[in-house]
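Take a look at the model below and turn it around a few times. The report after it walks through the parts one by one.

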Amino acid sequence: MKSESEALFVQQLKENQNIIHKICRLYTTDSDAHNDLFQEITIQLWKAFPNFRGDSKFSTWAYRVGLNTAITLYRKKKRTIDTIEFDSTFHKVTQDEYNFEEEEKLKLLYSAIRELNDIEKALVFLYLEDKDYTEISETLGISEVNARVKMNRVKGKLKKILNP
Amino acid sequence: MDELEILKKDWKKQESSFLQISEIEIYGMLHKKSSSLVKWILIISILELLLWLSFSFFTVDDQYLETLKLYHLDTLMPIMNAISYGVILFFIYLFFKNYKTINATDNVKQLMQNILKTRKTVQYYVWYNLAMTAFSFILVFIFQFMYDPNLTKIVEKMSQNININIFYCIMFVIYTVIIALFVGLIWLFYRVLYGILLKRLGKNYDELKKIEF
């Protein structure tokens, strides 16, 4: 029997699933790992759902649990890593633009992001998601000033890769 | 346009590229088992608690009790065991108290700290057991020398051939090596086990700490 809270959770998750997909894309390198991480985040969200009171948005909450799972809780399974597949998924999105120069830059940027450590990836992710420094500092548990300093460093690092 | 703005624009477009997961699939996922780090730590920790507990249960037999009597340890050992059970229960309480504070909705740093704290409790538990094991070894060795009739005979025999102090020195070295090997092996096992389990967490926690300084 599907309970009421289960139905509510599934509905909310379905609507917000792109947040989780984006985290998975950032932290995994192939579609198997992507699905694996997606599932673990779903389980963690479901486990924490009884404590979700609805005073914050489901999405805000999903960012936090999602990142926590990707950075800390998720145990990567041993598998041969197929990085080519990952690059092509990023690539597909930009193909319809036919802007060669921009596309090359994006390719470089995405591969540079992949080289970042887990914490830096989280910073970039929250920046790309238009989160302000208050939310970034609250999600990661660091001060706002330090989040800003670190973010600038990461941005600098990415820009340097494009303009050596 | 700024490069990072181009990236942001592209990032937003990605949303349409994800294969959407259906409600039925999500329902299926809810009933799958988690394979998170915390779950592994919990399983391993419970195994550790049980392992050390079973050591103290299964090593007690009639022969053991007789040996204790022979070594005049039959009053001291049960007292030590009682204290030891008390300490173990205290550790189990601490472990579950810390375990309950682990919450995926905490911020990243807090979550990492809580996991490390829970793991530390188990580490202290292991250290405590190792120390107790080493201490018991030493105690038994000393009382063995004092009261074991077989050993007394050997000592008497040896003292006719070589200096008794040299003999004691050799025995001391042998016993020290046995204890050191035993403790060392267990220490190595834990280093490897937790090294594998917590490598990523440790690395990420250090990265977060670096941001703060």
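Among the contacts in chain A between residues at least 6 apart in sequence, 63% join residues at least 24 apart. Keep in mind that this is a predicted model. Chain A is built with nine helices and zero strands, so its elements, read from the N terminus on, run α-α-α-α-α-α-α-α-α. Of the 164 residues in chain A, 38% are buried.

**The two domains of chain A**

The domain assignment splits out domain 1 (1-81) and domain 2 (116-164) in chain A. Their centres, taken over C-alpha atoms, are separated by 21 Å. Where they touch, seven residues of domain 1 of chain A are in contact with five residues of domain 2 of chain A. On the domain 1 side, α2 (17-27) and α4 of chain A each supply at least two residues. The largest share there, four residues, comes from α4(A). Sorted by class, that side of domain 1 has six nonpolar, no polar and one charged residues.

**The core**

Now for the inside. The largest nonpolar core has 62 residues, and those with the most contacts inside it are A:Ile23, A:Ala122 and B:Ile115. Helix α4 (residues 58-73) of chain A gives this core its largest share, eight residues. The core also draws at least three residues from each of domain 1 (1-81) and domain 2 (116-164) of chain A. Zoom in on A:Ala122: if you leave aside its neighbours within four places in sequence, A:Ala122 is in contact with A:Leu67, A:Ile71 and A:Leu140.

**Two crossing helices**

Two packed helices are described by the angle between their axes and the distance between the axes. In chain A, try helix α7 (residues 118-128) and helix α9 (residues 144-162): their axes come within 10 Å and cross at roughly 90°. Because of that angle, α7(A) is roughly perpendicular to α9(A). The residues that make the contact are A:Glu120, A:Leu123, A:Val124 and A:Tyr127 from α7(A), with A:Lys150, A:Met151 and A:Val154 from α9(A). By class, this contact has five nonpolar, no polar and two charged residues.

**Where the chains meet**

What about the other chain? In all, 41 residues of chain B are in contact with 51 residues of chain A. The side of chain B that touches chain A gets two or more residues from each of α1 (3-13), α2 (23-30), α3 (37-58), α6 (108-147) and α8 (164-212) of chain B. The largest share of that side, eight residues, comes from α1(B).

Here are the class counts for that side of chain B:

| Class | Residues on the side of chain B that touches chain A |
|---|---|
| Nonpolar | 21 residues |
| Polar | 10 residues |
| Charged | 10 residues |

**A stop at B:Ala134**

Let's finish with one residue. You'll find B:Ala134 in helix α6 of chain B. Is B:Ala134 buried, exposed or partly exposed? B:Ala134 has 14 other C-beta atoms within 10 Å, so B:Ala134 counts as partly exposed. The cut-offs behind this are 20 or more for buried and 12 or fewer for exposed. In sequence, B:Ala134 and B:Ile179 are 45 residues apart, yet in space they are 6.3 Å apart, C-alpha to C-alpha. Leaving aside neighbours within four places in sequence, B:Ala134 is in contact with B:Ile179 and B:Val183.

Conventions: Residues numbered from 1 in each chain as written. Chains lettered and ligands numbered in written order. Predicted model: local features only at pLDDT ≥ 70, side-chain atom pairs only at ≥ 80, totals over all residues. Core = buried A, V, L, I, M, F, W, Y, C linked by C-beta atoms within 7 Å. Domains from an automatic or database assignment. Contact = placed C-beta atoms within 7 Å. Axes fitted to C-alpha atoms, helices over the stretch in contact; angles between N-to-C directions. Parallel < 35°, antiparallel > 145°, perpendicular 65-115°, else oblique. Nonpolar A, V, L, I, M, F, W, Y, C, P; charged D, E, K, R; others polar.
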